[in-house]
Amino acid sequence: MDIKKNASFTVDHTKFAEGLYISRIDDDITTYDMRTRQPNSGNYMDNVTMHTFEHMFSTYIRNSALDVIYFGPMGCQTGFYLLVRNADDNIVLSEIISACEKIVSHEGEVFGASEIECGNYKSLDLATAKTEAKLYLNVLKTKLSDFKYY
């Protein structure tokens with residue numbers, strides 16, 4: 001059996017750092033690689049951080065101007081995938097920044113933090129999501145992005 005390698009495995013993870021990249025484009029759907037941590041640096045997100053950021057960011061980004069298809073964490077614990085239909089890169093970047101800013105300023109409960117809404121609702125901590133959002137905002141606001149890995 002001839003098995004085709006996933007496109008994300010063909011990117012040299014030693015040649016890029018934190019940032020926002022276009023991972024692939026399939027028809028009208030663009031997959032963005034929201035790399036919040038440098039790959040293979042030993043600095044990985046713990047599950048609570050990844051889980052809470054996912055709850056907060058997915059809620060804010062799905063309530064943005066974007067036509068979001070999917071948002072979720074990378075198994076390698078260094079970022080997230082965001083799939084958007086009919087994407088304009090500059091609008092996507094702007095909406096990602098806005099969602100992260102909303103996480104940083106969020107007061108109150110974590111979205112979906114109940115037994116009814118989440119399968120692991122006790123594994124959430126807003127402070128960790130705020131820290132992750134601040135770190136990623138710093139990357140997005142200080143690094144010019146051409147959305148290319150290298």
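Which polar atom of the side chain of R37 has the backbone oxygen of Y44 at 3.2 Å, or, put more simply, how far from a polar atom of that side chain does the backbone oxygen of Y44 lie? The separation is 3.2 Å, between the backbone oxygen of Y44 and a polar atom of the R37 side chain. The model is a predicted one, in which local features need pLDDT of at least 70 and side-chain atom pairs count only at pLDDT 80 or more, whereas totals for chains, interfaces and linings use all residues. Residues are numbered from 1 along each chain as its sequence is written, and side-chain values use heavy atoms, with hydrogens and water left out.

Helices and strands are taken as DSSP runs (H or I of at least four residues for helices, E of at least two for strands) and are numbered from the N terminus. On this basis 4 strands form an open sheet in the order 1-2-4-3 with antiparallel pairing, and its edge strands, each paired on one side only, are strand 1 (19–26) and strand 3. Direction ignored, neighbouring strands of this sheet are turned by 20 degrees against each other on average. Two strands are regarded as paired if DSSP finds at least two bridges between them; strand 1 and strand 2, which run antiparallel, are joined by 7 bridges, and L20 stands opposite M34 in strand 2. Helix 3 lies across both of these strands, running at about 80 degrees to strand 1, where axes are lines fitted to C-alpha atoms, for helices over the stretch in contact, and angles run from 0 to 180 degrees between N-to-C directions.

Helix 1 (residues 47–62) comprises 16 residues and reaches 22 Å from its first C-alpha to its last, close to the 22 Å expected at 1.5 Å a residue, the expected span being 1.5 Å times one less than the number of residues. At its start, a side-chain oxygen of D46 reaches to within 3.1 Å of the backbone nitrogen of V48. Its buried residues (under 20% relative accessible area, with exposed meaning over 50% and partly exposed in between, for a 1.4 Å probe and protein chains only) include M50, F53, F57 and I61. Among the elements covering the buried residues of helix 1 are strand 2 (29–35), strand 4 (79–85) and helix 2 (89–105).

The largest nonpolar core has 33 residues, and those with the most contacts inside it are L20, M34, F53, F57, L82 and I96. Strand 2, helix 1, strand 3, strand 4, helix 2 and helix 3 each give two or more residues to this core. Such a core is a set of buried Ala, Val, Leu, Ile, Met, Phe, Trp, Tyr and Cys residues joined through side-chain atoms within 4.5 Å. Leaving aside neighbours within four places in sequence, the contacts of L82 (heavy atoms within 4.5 Å) include M34, I61, V68, F71 and I96.

R37, found in the loop between strand 2 and helix 1, counts as buried because its relative accessible area is 10%. Its side chain makes a polar contact with the side chain of N43 (2.8 Å), a polar contact being a pair of N or O atoms within 3.5 Å, of which, within protein, one must be able to donate a hydrogen and the other to accept it, while residues adjacent in sequence count only if both atoms are side-chain atoms. Leaving aside neighbours within four places in sequence, R37 is also in contact with residues including E18, T49, Q77 and E132.

Most residues other than glycine have a negative phi. D27, in the loop between strand 1 and strand 2, nevertheless has a positive phi of about 55 degrees although it is not a glycine, and D27 counts as exposed because its relative accessibility is 78%. N86, in the loop between strand 4 and helix 2, likewise has a positive phi of about 55 degrees and, at 59% relative accessibility, counts as exposed.
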